[in-house]
Amino acid sequence: MIENRVITMKDIAKALNVSVATVSRALQDSPMISEEQRKRIQAYAREHRFLPNQLAGSLRRSRVSQQKIIGVIIPQIDHYYFSTILSGIEARAQQCGYQILVAQSGERYDEETRICQQFVKHRVCGIIVSQAKDTTRYNHFQHLIDIDVPLVFYDRICTGINTSRVVVDDYMGALKAVSHLIDTGCKRIAFYGSPMQLEISKNRYNGYRDAILKHGLPLDESLILKCDNRADAEAITPALLEQANRPDAIFAVNDDTAIGVLYTAKRMGIAVPDELSICGFTNGERAVATDPQLTTVEQRGHEVGHQAVDILVGLVEGTLPRDHAEKRIVKTRLIVRGTTR
């Protein structure tokens, strides 16, 4: 029961069927909330002996004093796509008069949780984050919401919590890429994807699957493989390409994986694209450093970074409502080069 412990704003929100942001505003006497709603929430808080979170209070005071620091969590800083997003975040933040504080999760849930705690201690005005691959629990993100810290996801979004986000059109990018492979004569197309708990993995797989089915080709489960980095691609591709009924194309979830496939095919004496077409997803600098150059889906990382900052600044400065999840999609573009026919 609530009465047996110290209640939180989340408890009040659940009991009164309102958002945590509405509770927060009502407890601050915000004019954005109706007088009737404010009195109702404040009365409930008094009745249940709600104690304002001192940390949340200090965060609000720091915003009033114009501390304009945005926390940014990046899974891998040496990943081309994430580095371009970071560049876009930094450029837009400077334009808006903000600074950024950057930390790398290294694809680990525990490190991601620690970074969130550190950002709160440093009183950032909000956090922009792409979740780690092994994150399946979202308590650390929910805590940020509970203490009224604005949160925006990019690329890998948290489906367990309804928060603001910026993503690329992964589904349509994959659909167009695989359709291109089919239109150029490929009939047996393998898919190298990331863990399916990630929303981007599901969307890119769905685009792959729907392109296959749309064109009347059979969906062969043996051609759908978990592989999202170059090392793994080089390890598993030989066995796939040694099969009597080997694929005539491979669509990879990112460029590094596609480059691993290309390297392996060339080492095995398989002609690309005559015998094997390859398509990636990123359009990083390495895509034009290969021979032949890589066909890939461009993700427009700088634009993703710009949009993420625009949303966060809007939440911090009040031009976007805290109790609304702003969702934006950045369009992709297929870049056809030498690894496809």
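This talk walks through a predicted model of one protein, from its overall build to a few single residues.

Good morning. I shall begin with the whole chain. The protein has twelve helices and twelve strands. Along the principal axes, its C-alpha atoms fill a box of roughly 75 × 40 × 30 Å. Of the 341 residues in the protein, 55% are buried. As for contacts between residues at least 6 apart in sequence, 72% of them join residues at least 24 apart.

Let us turn to a sheet. In what order do the strands of the open sheet of six strands stand? The order is β2-β1-β3-β4-β5-β11, and the pairing is parallel. The edges are taken by β2, residues 99-104, and β11, residues 327-330. Each of these two has a single partner strand, so one side of each is left without a neighbour in the sheet. On average, neighbouring strands of this sheet are turned by 15° against each other, with direction ignored.

One pair in this sheet can be followed in detail. Strand β1, residues 69-74, pairs with β2 in the parallel sense over six bridges. If you wish to find this pairing in the structure, look for Ile69, whose bridge partner in β2 is Gln99.

I move now to the largest pocket. Its volume is about 520 Å³. Which residues lie nearest the centre of the largest pocket? They are Val20, Ala21, Ile145, Asn162 and Arg322, from a lining of 22 residues. By character, the lining residues divide into eleven nonpolar, six polar and five charged. Three helices, α1 (9-16), α2 (20-27) and α7 (139-146), each supply at least two residues of this lining. The largest share comes from α1, with three residues.

Helix α7 deserves a closer look. His140, Phe141, Gln142, Leu144 and Asp146 of α7 are buried. What do the buried residues of α7 pack against? Their partners are the helices α1, α2 and α6 (109-121), together with the strands β3 (126-129) and β4 (151-154). Strands β3 and β4 are also members of the six-stranded sheet I described earlier. After α7 comes Asp148, which has a positive phi, near 70°.

On the other side of this helix in sequence, the loop between β3 and α7 holds Thr135. Is Thr135 buried or exposed? Buried means under 20% relative accessible area. Thr135 has a relative accessibility of 1%, and therefore counts as buried. If we leave aside neighbours within four places in sequence, Thr135 is in contact with Tyr109, Glu112, His140 and Phe141. Two of the residues just named, His140 and Phe141, are among the buried residues of α7.

My last residue is Ile189, which lies in strand β6, residues 189-193. With a relative accessible area of 2%, Ile189 is buried. Which residues are in contact with Ile189, leaving aside its neighbours within four places in sequence? They are Val178, Leu181, Ile182, Tyr208, Ile212, Leu223, Asp248, Ala249 and Phe251. A distance may help you to place this residue. Gly301 is 112 residues from Ile189 along the chain, and the C-alpha atoms of the two are separated by 27 Å.

To close, I would ask you to keep two items in mind when you turn to the structure: the open sheet of six strands with parallel pairing, and the largest pocket, to whose lining α1, α2 and α7 each supply at least two residues. Thank you for your attention.

Definitions and conventions:
Residues are numbered from 1 along each chain as its sequence is written. This is a predicted model: local features need pLDDT of at least 70, side-chain atom pairs count only at pLDDT 80 or more; totals for chains, interfaces and linings use all residues. Side-chain values use heavy atoms; hydrogens and water are left out. On a 1 Å grid over the protein atoms alone, a cavity is a set of points where a 1.4 Å probe fits but cannot get out, and a pocket is an open set with protein on both sides within 12 Å along at least five of seven lines; lining residues have an atom within 4 Å of a point. Grid points are joined across faces, edges and corners, and a volume is the space filled by probe spheres set on the points. Helices (H or I, at least four residues) and strands (E, at least two) are DSSP runs, numbered from the N terminus. Ala, Val, Leu, Ile, Met, Phe, Trp, Tyr, Cys and Pro count as nonpolar, Asp, Glu, Lys and Arg as charged, and the others, Gly among them, as polar. Two strands pair if DSSP finds at least two bridges between them. Axes are lines fitted to C-alpha atoms, for helices over the stretch in contact, and angles run from 0 to 180 degrees between N-to-C directions. Buried means under 20% relative accessible area, exposed over 50%, partly exposed in between (1.4 Å probe, protein chains only). Contact means heavy atoms within 4.5 Å.
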